[in-house]
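This report covers the contact between two chains and the charged pairs inside one of them. Please read it beside the model.

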Amino acid sequence: MINELRKLRAQFDWFLAGAILAIVAIGLVNLYSATRVAPHGRYTQQLGWESAWLVVFTATAAVDYRAFERLAYALYGVGVVLLVAVLVGGKVVKGSSRWLSLGPVSIQPSELAKLAVIIALAKLFSGDPMDLQLRPWRYVAAALGLLGLPLLLVMKQPDLGTALIIFLIGMTVMMVVSLELHVKLLVLGGEAIAGVAMVLFKLHGYQKKRLMTFLDPSLDPSGAGWHARQAIFAVGSGRWTGKGWLHGTQNQLQFLPEHWTDFPFAVWAEEWGFLGCLILLGCYLFLILWALNIAAEARDRFAQVVCVGCAALLFWHVFFNIGMVAGILPVVGVTLPLVSYGGSSLLTVMIALGLLMNVSIRRYAY
Amino acid sequence: MTSPRARGTQAPPRRFFWAQVVVGAAFFLLAARLWQLQVLSGDHYFRKSADNFVKELPLLATRGQILDRKGRVLADNRPSYDVYVTPRFFTEDSLAELVRDLHLEVEGVESLKAKVAGKHGLDRFRQVEVLSDVSRDDLAILESDSLALPGVSVTASAHREYPEGTLAAHLLGYMNEITAEELSAHREQGYHPGDFIGRSGLEREWESYLRGKDGSERVVVDAKGRRKSDLEASELESLIGGPARIEPQPGDDLETTIDLDTQRIVENALKPHHSAAAAVIDVETGRVLALASWPEPDPNALTGHLSRAEMAALIADPARPLIDKTVRENYFPGSTFKVVPALAGLESRMVDPDERVICHGAIQFGRRWFHCVEPHGPVNLHLALVESCNVFFYGVGDKLGLDRMAETARDLGFGAPPGLGINGEVPGFIPTMDFYKRQGAFQKGVVLNTAIGQGSVKVTVLQLAMAYAAIANGGRLYVPQLVDKIVTPSGQVVQELEPRLRRVLAATPDELAQIRSALFDAVNAPKGTSYAARIPGLEVAGKTGTAQVGNHRVREAAGSALADHAWFASFAPARHPKIAVVVLVEHGGFGAKSATPAAMEIYRHYFAEVAPQDAPHARLTEGRRGSPGAAQPR
């Protein structure tokens, strides 16, 4: 027993855990300020989730990832079934049906679909590398199929932000597996075209409006553009060191929209300034680079692709959320990992981090 | 790790190196953007975010009062209830309800809709004033019906009130809402949309003193425009970046020279007439005790809401209630002007006061006949003024010529605005040879007609009053004074205005005494034109005038639109003049018939009620017996 603990201490990834803890701490400090003016109970609700999901994180890290490898397609199937279920019997909120009631709790199956896609693609690309070299198009077609099914289901809801993330995760994974360069370029080009087409034809009215106002904010200074503009005021007005914790006027006086879910970074930027932003960006950068290091040192191909997928998930969430708040990307509902309020997105991120820890602990095993 | 299989399945590490480079570049991009927003443009956005939540509410200054010479209030402020609408919460239903509650007319509904429809974005959360000064009854209805009126609120503010109603309406003036052009022209003076501004009279001319200076209160509001009052004072100041409240400075009070009682006496004397004007001047100082133009509009109505129909009726009224007839209108002075050729003749020694002319009732100059009222027989200068003989003055005019008469007329202040300073005084007109030469229509007749106050001579009521006051006081022509003091609400005197002498007349005291004597007999000698209308014991000295209206031969009955204007220009008590009174009754016919009785009424009440110590009989009881020396008929 003592021996096992000693072994665990030696194998435990302290850097990964440290980065996670730092971001969680920042997230809790920030959320306390952001939810001061929110409906009551958000902060304690988030604390409750974090405690519960810590158990899930531990469990995910503890179970040998080869179990996930074996159950990969089954997990993927569960994800797809949940996506279908939400379309049939989900709650409709603001024109989208995203929530599925399971007893007392509501979950967003589209969040879990991200993980299902990562695991299924990892399983697909963990086969014989020679086969991958010889028959690349078979794998590409299979990957597109695994990616496309949940993507279509999510777009049907519609949930543009999640669809975008699933799409980007899939693309990232295909860019790093052992495929010939020309195959990759063709896939990249095809996906880009498909993405643009989908954005143009499948967008809801309000999503189209958001996109158009992003391209020209003066179209509607008080409607869709207003949110984006107020977020920029918040970020910019933080200057070097910020207005101080709990003293962000844009935040406290509710000039920020949905600021505990989609715009917590604006709150952080306003109250902690550029220096605070550098600290948070640094934490994320370290976490993602470390995740790629774990991928590089992973024992096998499955673990490697899972880690790349999880790193991609973290990266695209962070990049889109902060890019959106800072006004260089359109406003799409993408959360900031470990900082945004919300049980489902937090669960997804915790499981992803658990998978990283899982692989990291076992990199020298066997 | 060391197993060949494991190594074989691993992707080359460099792949992740490039992925890491991409991640690093992306984060660098984010950091660069944040640097741009927070460091390079941070101050700009800081101000923007401050603009978001700092809302400046004006604290309106209380307008100064206008007081009479004894401190009685002529213009005041009272609470008014204004209806505001918040467009964001204002529905069709609440519009319909509002229209029903207040019985709004189509015109009002349209302007209300326009005010609400013009708002977009955040402006839709800001209140817009849609109706000002609703009645207390309407207020009660709105309050009891508030549940059916989402987006409607009522706020109390100060509204101008004239407690004496129409009294001194033209002097006081009125106020109404500032226009968009004025707003942009007076932006630095701190006017806000919806402010009221003085439109005429004292309200307009003394606007800058009466108005005061609005203060402001800066408050913190949240995104829905709700005021945050739970913030601590120090936090509030740090958010706002300065003091939260600038107190308004109330406007200064205006103490006028007007005497409320005298003004009321004058207006009561004018009331029986269709259209009239009068001035009462303190002859020793040139202070205006009363100045009235009848009929008068109600300044309370003009300052409140006047419908278009009501305004049109005021403009179309043939009695011209919106015109201040004391300074804004030119009239032929008629015989009241005869003091001018008389003084000019004496000054120039071209008329011997003892020389007699026989009046046969008319006189021929060239081929034209010039008429008198009746044959007066032999008259000298004194008798010609007493009996108002035209024939005598035709001769005087002929002797003096146009320019010599004009010289004295201008000396007495005619032909130029007297300088009251309100309501756009007109200068009147004194013809000269130069004028007729330029017109190319000079005939001898115009000289004769000028001598009796016809032809092209035009004067105003106030000019005549100032000229008669100068004759009464021995030759000092004053600038009419209307404002005595400017006082802060706490009683500090900001400025005290002194009587201003315009000039000393060229006439000698003896010459003026001769004129005064003639004017005394014109009222008190049995042959005087006003003898029948005199009130014994008042010792009024004065001259009637009958000014032709248009160019008619037939004498119309008094009151007809073509009847002559009736004048009486006078002062009293004749021996020690205190006040000058000029009355004009439009279309009043003969001066002695309508204007003189009105003036007598003014004197009677004035010396009985306002200044009994100045009344002639008061001095009589003090022992100064006998008729006034200067008033001995020659």
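A residue is called buried under 20% relative accessible area, exposed over 50% and partly exposed in between, using a 1.4 Å probe and protein chains only. The model is predicted, so local features need pLDDT of at least 70 and side-chain atom pairs count only at pLDDT 80 or more, while totals for chains, interfaces and linings use all residues. Residues are numbered from 1 along each chain as its sequence is written, chains are lettered from A and ligands numbered from 1 in the order in which they are written, and side-chain values use heavy atoms, with hydrogens and water left out.

**Salt bridges within chain B**

A salt bridge is a side-chain nitrogen of Lys or Arg within 4 Å of a carboxyl oxygen of Asp or Glu. Over all chains, the whole structure holds 32 salt bridges. Three pairs in chain B are listed here.

| Acidic residue | Basic residue | Closest N to O |
|---|---|---|
| B:Asp195 | B:Arg211 | 3.8 Å |
| B:Glu586 | B:Arg320 | 2.7 Å |
| B:Glu387 | B:Lys527 | 3.8 Å |

B:Glu387 is buried at a relative accessible area of 8%, whereas B:Lys527 is exposed at 56%. B:Glu586 is buried at 6%, and its partner B:Arg320 is partly exposed at 25%. In the remaining pair, B:Asp195 is buried at 9% and B:Arg211 is buried at 10%.

**A buried acid without a partner**

B:Asp252 is buried but has no salt bridge. The nearest side chain of opposite charge (Lys and Arg count as positive, Asp and Glu as negative; His and chain ends are not counted) is B:Arg63, 11 Å away. Leaving out residues up to four places away in sequence, B:Asp252 has contacts (heavy atoms within 4.5 Å) that include B:Tyr209, B:Leu210 and B:Ile486.

**The interface of chains A and B**

The contact takes 40 residues from chain B and 52 residues from chain A. Buried area is the accessible area (1.4 Å probe) that two parts lose on being put together, summed over both. For chain B and chain A this is about 4,200 Å², with 70% of it on carbon and sulfur atoms. On the chain B side, B:Phe16, B:Phe27 and B:Gln38 lose the most area to chain A, together 17% of what that side buries.

Which side chains meet in a salt bridge between the chains? They are those of B:Asp43 and A:Arg239, at 2.9 Å from N to O. The count between chain B and chain A is one salt bridge.
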